[in-house]
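Thank you all for coming. Please bring up the sequence and the model on your screens, and I will talk you through the fold in a few minutes.

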Amino acid sequence: MIAIDHIHFSYGRRRTAVFDDFSLTLGSDCIYGLLGKNGTGKSTLLYLIAGLLLPSRGSVRYLGTETRLRRPETLSELYLLPEEFTLPKVRLAEYVKLHRPFYPRFSDELLQQCLTDFDLTPDLHLGELSMGQRKKAYISFALATNTRLLLMDEPTNGLDIPSKSQFRRVVARSMTEGRTLLISTHQVRDIDALLDHVVMLDGSRVLLNRPVADICAALRFDEVAAGAPVADALYAQPSPGGQQVVRRADGRPETPLNLELLFNAMLDRPGLAAEIFPEP
């Protein structure tokens, strides 16, 4: 679905490149988590995929078409939900009426379902909402566009704890056959239970690009008491109860995915993914 081939991108000629000879391929029918340290280009990558930023070299293709061309048939099938946004001071119904013609599969039913899950009413006025409510309304609209590709940049920023639970519910309900979500976030605990696939970046390096099922089949994420032996750990970090460790599963029962622990392990040992998942 998304093919990024040997791109180079920087903000200005004299600045260090955000991406240099960077490549990545993403499939369809999946919820991807895009993780990386602040400043590693997660948001930039979303804007490149959407065609709102252009690489100086290489190509970004969505369904075989370069997104830099901004063709209507491409734009009608992708939607970018940015981290920071402004909405006009109009009723939601007016906003929907203005924008829905650009999205052939826009779903009123899905919009209503998302609003209900977020405890919002369909007659709301966008100019009268708090920041958190505006974000929930905008997330609802983005999901209701029903595009085949939805890019979400830090979608849980600004949401309180109950709203983050609601967010996970509305995203899970909106997933249909043929739809792909790419969620960029540093709030890993907000989305770890949602993901089908994890992509971790460190600059122009892809530290990890694997399905969650593969990760959980290969690794265990355990909490051990202080002083307990961890010689078999691939990575360990202190925790209030002792230590959190990443170990090879070696056929033992699966543990829940701990994205924060996994990310720290990959940063500490950049070659860990190749060690765990060697290329055939």
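I will go from the overall dimensions to the strands, and then to the packing of the helices.

Before that, a word on how the values were obtained: this is a predicted model, in which local features need pLDDT of at least 70 and side-chain atom pairs count only at pLDDT 80 or more, while totals for chains, interfaces and linings use all residues. Residues are numbered from 1 along each chain as its sequence is written, and side-chain values use heavy atoms, with hydrogens and water left out.

The protein chain has 9 helices and 13 strands, where helices (H or I, at least four residues) and strands (E, at least two) are DSSP runs numbered from the N terminus. Its radius of gyration, which is taken over C-alpha atoms, is 20 Å, close to the 19 Å from the globule rule for 280 residues, so the chain is as compact as a globular protein of that length; the rule itself is 2.2 Å times the number of residues to the power 0.38. Along the principal axes, the C-alpha trace spans about 60 × 45 × 35 Å.

Let me turn to the strands, where two of them pair if DSSP finds at least two bridges between them. Strand β1, residues 2–9, runs antiparallel to strand β2, residues 19–26, and 6 bridges join them; within this pairing, Ala3 has Thr25 in β2 as its bridge partner. β1 also pairs with strand β4, residues 57–62, in the antiparallel sense over 5 bridges, and there His8 stands opposite Arg57.

Further along, there is an open sheet of 3 strands in the order β11-β13-β12, with antiparallel pairing. Its edge strands, each pairing on one side only, are β11 (219–225) and β12 (235–239), and the twist averages 25° from one strand to the next; for such angles, axes are lines fitted to C-alpha atoms, for helices over the stretch in contact, and the angles run from 0 to 180 degrees between N-to-C directions. β12 and strand β13, residues 242–248, are joined by 5 bridges, with Pro238 opposite Gln243 in β13. Helix α8, residues 259–268, packs on this sheet and touches β11, β12 and β13, its direction making about 130° with that of β12; contact here means heavy atoms within 4.5 Å.

Now to the helices: how do α4 and α5 pack? The axes of α4 (residues 108–117) and α5 (residues 131–144) come within 8 Å and cross at roughly 150°. That makes α4 roughly antiparallel to α5, since angles under 35 degrees count as roughly parallel, over 145 as roughly antiparallel, 65 to 115 as roughly perpendicular and the rest as oblique. In this contact, Leu110, Leu111, Cys114 and Leu115 of α4 meet Ser140, Phe141, Leu143 and Ala144 of α5, and these residues divide into 7 nonpolar, 1 polar and no charged. By class, Ala, Val, Leu, Ile, Met, Phe, Trp, Tyr, Cys and Pro count as nonpolar, Asp, Glu, Lys and Arg as charged, and the others, Gly among them, as polar.

α4 also packs against helix α6, residues 161–174, at an angle of about 160° with the axes 9 Å apart, and the two are therefore roughly antiparallel. The residues of that contact divide into 3 nonpolar, 3 polar and 3 charged. Finally, α5 and α6 pack at about 10°, with axes 11 Å apart, which makes α5 roughly parallel to α6.
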